[in-house]
2 protein chains.
Amino acid sequence: MTSVDVDVVGELRSVLADGVVVSDRDVVDAYRGDRAETVQAGWPIALVRATSTADVQAAMRVAAAHRIPVVPRGAGSGLAGGASAIDGCIVLSLERMLRLDIDPAGMYAVVGPGVINADVKLAAREHGLWYPPDPSSYTFCSIGGNLATNAGGLCCVKYGVTTDYVLALEVVLADGRAIRLGGRTIKDVAGYDLKRLFVGSEGTLGVITEATLRLRPLPPAACTMVATFDDIVAAGRAVSSIMAVMRPATLELMDRASVNAVENYRRMGLDTEAAATLIAQSDSGGAQSVEEIAAMERIAGEHGATFVATTDDPDEGEMFLEARRLAFASLFDLGTPLIEDVGVPIDRIAELVGGVERIAAEHDTLIATVGHAGDGNFHPFLSFDGNDPAAARRAEAAFGAVIALALELDGTITGEHGVGLVKAPYLVDQIGADVLEISRQIKAVLDPQNILNPGKFV
Amino acid sequence: MTSVDVDVVGELRSVLADGVVVSDRDVVDAYRGDRAETVQAGWPIALVRATSTADVQAAMRVAAAHRIPVVPRGAGSGLAGGASAIDGCIVLSLERMLRLDIDPAGMYAVVGPGVINADVKLAAREHGLWYPPDPSSYTFCSIGGNLATNAGGLCCVKYGVTTDYVLALEVVLADGRAIRLGGRTIKDVAGYDLKRLFVGSEGTLGVITEATLRLRPLPPAACTMVATFDDIVAAGRAVSSIMAVMRPATLELMDRASVNAVENYRRMGLDTEAAATLIAQSDSGGAQSVEEIAAMERIAGEHGATFVATTDDPDEGEMFLEARRLAFASLFDLGTPLIEDVGVPIDRIAELVGGVERIAAEHDTLIATVGHAGDGNFHPFLSFDGNDPAAARRAEAAFGAVIALALELDGTITGEHGVGLVKAPYLVDQIGADVLEISRQIKAVLDPQNILNPGKFV
């Protein structure tokens, strides 16, 4: 560390309470990155474990005064490298900001950024209420990270993504000012929609220090269908046909490789021979759910499903979803991961899943595909031997090919994980130079010194 | 007109086809304002009736070169004065941009800003699809205006507002460049959410020249409940109780004054004695809808409803909704209108509707309240004798008092109509000076000369 670094760390210590500022390399090491394993994280000069909005403001003021980059982070469960430390930065951890208050009459939660997604769900449930967004990582990802990436999940196909549940935000700006955006009303068009500009901005425009999240009544118990196909393209077509006539509560796809990974990880009796497995739910309620599941069964049959099972037992249904949720954990075990998050329009799903199979073969790389099929959002999960440079090169090429395919199909490079570092090189291909330039100008308004998570995103 | 004006008009004529540029005062007069009758509209130097994105670009380039304000407008059905002309401006009408293409497989519509909301619904329905947002003015408001204000409507309580259906936008910027935002995927977190920054920006950041709108499958036919109360506060409490346990497809409130206005306008056999009437629907489907309507009936009873009727006949249900939709038309007949659009949190509804009754009495002003009660979004409709200055002053004071009450209840000054001119003076009270300043800075990025609808909004 240079003497300049030491001064900044000293200044941070002088304005923050004992224990908030950490420079011990062993501790700091655990805060340098997220789950994007192919990204090389830098070494920060200090870790700030903020306990309050005032802590965040104090840290930002010191950073602004010395023009030190700040990398905000939640639980570190991100998959795109958005929380990767930069050499010489301050890592600003929000994990200790754990306010969690439910207002049952107002049907909202006031939540600190460090609160784990599952804890919000649990607290809401005690009042018969529900916070829908459910990334597969919901047991260990934080609301702050969910907001930073506009996280989705399994139930989004019917219930929308994180931004759809944000009533209000408290944000600390690059200069240390705290502002409040939005309010407690469901509809609000007073002023620009700045709230939604911050959601999904991956820590590049400000640091979200509190969110007021809308809660819903708990939905009726779900009925579930599982269908297997010996052709993944046919499964993709079944998804489009289901979406054309109803709004399922969940509509997930797993390909053979991901089913096998899960089955090896935890014996569940899944069909490891099927080319694709669909898991779908309806929670419209009572007889209507049963009818919708029957309609899905019919559609699956029309598209050549080799096996269909349905259940109105919520626990059994939850078990099928659990298989889907375990996919990432089991795939992480197979090798070095490189995880896609592409999305395509609803009528291009079959082309995407078929194309990914081709790309895997062409680049001799294992790609296991799981995804929120009803939203057209897929996670082709590339796995390779990290010690084999040739394998790594093939995986990188396959990664780029999948992204190129998604864009060719009028799709997106990221549906819910964020751009981070992993997808930053591809962003301009999607949004174009003019929009990227406008994005940079807007960032410059809010962060004129470019100290908030620089080098990511825009 | 000064010689400078004439030059600008001549320049517009030289770059635009015959008939696009109009300076005839009789024609222009009809394009000077919207339905905010208390606003004094200025006189433009010219009206441009654009037929294409290229027309809009050409007009913006001329305006930018001469620093002439541009007031974009759709169908002129706005209620907040957002489309009021400014002296010396160019009024840019989008009413002739009428592209309307439905892609049934992709489940989206590509729509020009001049297309009437109802025409999108109709075109979608031919393919078994649905465009939900339904302002009461849906038969005569345009998609461009809906996007400019982020319009809501009756079905938003379950299905969301305009911004929730925008997949992509084409926008012409102040300098004449055209950009595209978003795409065709349902989930997309690639880059900042600029699409949603333009939605609701009331023509101050750019001119929306095309929108790709998401369509849904048609929902099941709705069941309907109508309940009357002899106490409007009790009706408000019933609304909160319903929202706590389910998501109705519609949940509207009409007070006695609005029911009477409708009944005088068109004899429908409504109960003109009731203090408040609730109209609610469930479209969960089949038996589930019947069950939900029964639950609503129970809740209405618990809150002292004096009369409840339910029906599973969609036509009969539509008739009740029609009464609600006629409220504005019938209230416009009563005198000079001044229309609120306040929103409050779901648990403050009873306080708002009770407070509005008090304010009406205190200011000796007729206030008829209708509203999207399930969203907490209400339209207290003030009506006064425009020829009586004292009555106008009382109405203005009452208007301010309702806004102050909404803010006191943690509410918003506008839920779906927009800020426009009518609510511009109150905006800072809601969002604060810092956020207003940031909004201005963001506008300056996109419109450095402040030529896009200046003087409104920010």
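Begin with the salt bridges between chain A and chain B of this predicted model: the count is 12. Select Arg184(A) and Asp410(B) for one of them; their side chains meet in a salt bridge at 3.3 Å, N to O. Across the same two chains, 18 residue pairs are found in polar contact.

Next, colour the side of chain A that touches chain B by element. The elements that give two or more residues to this side include β9 (178-182), α8 (232-245), α10 (286-302) and α16 (433-446) of chain A. Of these, α16(A) supplies the largest share, 9 residues. Recoloured by class, this side of chain A shows 35 nonpolar, 27 polar and 19 charged residues.

Now display both chains in full. In this view, 81 residues of chain A are in contact with 81 residues of chain B. The two chains bury about 6,200 Å² between them, 60% of it on carbon and sulfur atoms. Select Lys187(A), Val189(A) and Tyr192(A), which lose the most area to chain B within chain A, together 16% of what that side buries.

Move then to strand β18 (residues 377-384) of chain B. Because 8 of its 8 residues are buried, the strand is largely enclosed by the rest of the structure. Asn377(B), His379(B), Phe381(B) and Ser383(B) point one way, whereas Phe378(B), Pro380(B), Leu382(B) and Phe384(B) point the other way.

Finally, add the partner strands. Strand β16 (residues 336-339) of chain B runs antiparallel to β18(B), joined by 4 bridges, and Ile339(B) stands opposite Phe381(B). Strand β17 (residues 366-372) of chain B is also antiparallel to β18(B), with 7 bridges; here Gly371(B) stands opposite Phe378(B). In the hairpin of β17(B) and β18(B), with 4 residues between the strands, select Gly376(B), which takes a positive phi near 70°.

Conventions
Residues numbered from 1 in each chain as written. Chains lettered and ligands numbered in written order. Predicted model: local features only at pLDDT ≥ 70, side-chain atom pairs only at ≥ 80, totals over all residues. Heavy atoms only, no water. Buried < 20%, exposed > 50% of the residue type's maximum accessible area, 1.4 Å probe, protein only. Pairing = 2+ DSSP bridges. Contact = heavy atoms within 4.5 Å. Buried area = accessible area lost by both parts, 1.4 Å probe. Salt bridge = Lys/Arg side-chain N within 4 Å of Asp/Glu carboxyl O. Polar contact = N/O pair within 3.5 Å; in protein donor to acceptor, adjacent residues only side chain to side chain. Nonpolar A, V, L, I, M, F, W, Y, C, P; charged D, E, K, R; others polar.
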